Amino acid sequence: AFGEWEKADFAPEKDFLAKLGGIKGVSAVETQTYTLEEVKLNKKDAKKAMENKEAEAEKAKADAPKPAEDPAKKLKKVIKEGGKRGVEIEGAADMGGLQFFCTSVDEPEGDVELLTKCVEAMNAKSDPTEEERKGGSGHIGKMVFSV
């Protein structure tokens, strides 16, 4: 494959390099050819290399993006977190008389629409007869962060 590319004058590399050189402020464009060679390892080094490769594969698997969560379940989690945070803010305001509060929420994960739903849940009127109170901090100014 390389030989064929070399015979074709590394097309379209020549055009690409010319365009790079034409960019204002670029004073030099260089290329370099390198060769990959097979390396023979002894058993000990080969075993160590395999262990490293497996560890990297495990890490890559752990770092892989999670499958998308069901939007309805996500919204439910967002509203629940907002309701709980609203109760916490209301409690802090009742104890200390604060008017403004800065906080962060995890579930919206930076999604502005979900963050809005979360804040709406914080501001929802609290029903004191419910077993688990939600919201209740509509009278308090908030700065809410989500990443």
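Is Lys 77 buried, partly exposed or exposed? Lys 77 counts as partly exposed, at 41% relative accessibility. The legends below describe close-up views of a predicted model.

**View 1. The side chains of Glu 69 and Lys 77 form a salt bridge.** The distance from N to O in this pair is 2.9 Å. Glu 69 has a relative accessible area of 36% and is therefore partly exposed. Its partner Lys 77, at 41%, also falls in the partly exposed class. Glu 69 is, in addition, one of the residues touched by Lys 74.

**View 2. Lys 74 of helix α4 is joined by a salt bridge to Glu 109.** Helix α4 covers residues 71-96, and Lys 74 is found in this helix. The N to O distance between the side chains of Lys 74 and Glu 109 is 3.5 Å. Glu 109 is in the loop between β1 (100-104) and α5, whereas Lys 74 is in helix α4, so the salt bridge ties together parts that are 35 residues apart in sequence. Lys 74 counts as buried because its relative accessibility is 10%, under the 20% cut-off. Leaving out residues up to four places away in sequence, Lys 74 touches Glu 69, Glu 107, Glu 109 and Leu 114.

**View 3. Glu 81 and Arg 85 are paired within helix α4.** The two residues are four residues apart, about one turn of the helix. Their side chains meet in a salt bridge with an N to O distance of 3.8 Å. Glu 81 counts as buried, at 12% relative accessibility. Arg 85 is buried as well, with a relative accessible area of 18%. Elsewhere, Lys 74, Glu 107 and Glu 109 are joined into one network by salt bridges that share partners. The count of salt bridges comes to nine.

**View 4. Helix α4 packs against helix α5 (residues 112-123).** The angle between the two helices is about 40°, and their axes are 7 Å apart. This angle makes α4 oblique to α5. The crossing of the two helices is right-handed. The residues of the contact divide into eight nonpolar, three polar and four charged. On the α4 side, the contact includes Lys 74, Leu 75, Val 78 and Ile 79, together with Glu 81, Gly 82, Gly 83, Arg 85, Gly 86 and Ile 89. On the α5 side are Leu 114, Lys 117, Cys 118, Ala 121 and Met 122.

**View 5. Ser 137 lies in the loop between α5 and β2 (141-145).** Its relative accessible area is 0%, so Ser 137 is buried. Among the residues that Ser 137 touches are Gly 86, Ile 89 and Glu 90. Ser 137 also touches Met 122, Asn 123 and Lys 142. Two of these names, Gly 86 and Ile 89, recur on the α4 side of the contact with α5, and Met 122 recurs on the α5 side.

**View 6. Val 144 is a residue of strand β2.** Val 144 is buried, with a relative accessible area of 17%. Apart from its neighbours within four places in sequence, Val 144 is in contact with Thr 103, Val 105, Leu 115, Val 119 and Met 122. Leu 75 is 69 residues from Val 144 in sequence, and the C-alpha atoms of the two are 17 Å apart.

**View 7. Gly 25 is placed in the loop between α2 (13-21) and α3 (43-63).** Gly 25 is exposed, because its relative accessible area is 76%, over the 50% cut-off. Gly 25 and Ala 64 are 39 residues apart along the chain, and their C-alpha atoms are separated by 39 Å.

**View 8. The loop between α1 (2-7) and α2 holds Pro 12.** The peptide bond from Ala 11 to Pro 12 is cis, with omega near 0°. Asp 9 lies in this loop between α1 and α2, as does Phe 10. Asp 9 is not a glycine, yet it has a positive phi of about 60°. Phe 10 also has a positive phi, near 55°. Most residues other than glycine have a negative phi, and most peptide bonds are trans. With a relative accessible area of 48%, Asp 9 is partly exposed.

Technical notes:
Residues numbered from 1 in each chain as written. Predicted model: local features only at pLDDT ≥ 70, side-chain atom pairs only at ≥ 80, totals over all residues. Heavy atoms only, no water. Buried < 20%, exposed > 50% of the residue type's maximum accessible area, 1.4 Å probe, protein only. Contact = heavy atoms within 4.5 Å. Axes fitted to C-alpha atoms, helices over the stretch in contact; angles between N-to-C directions. Parallel < 35°, antiparallel > 145°, perpendicular 65-115°, else oblique. Left-handed = near helix turned anticlockwise from the far one by under 90°. Nonpolar A, V, L, I, M, F, W, Y, C, P; charged D, E, K, R; others polar. Salt bridge = Lys/Arg side-chain N within 4 Å of Asp/Glu carboxyl O.
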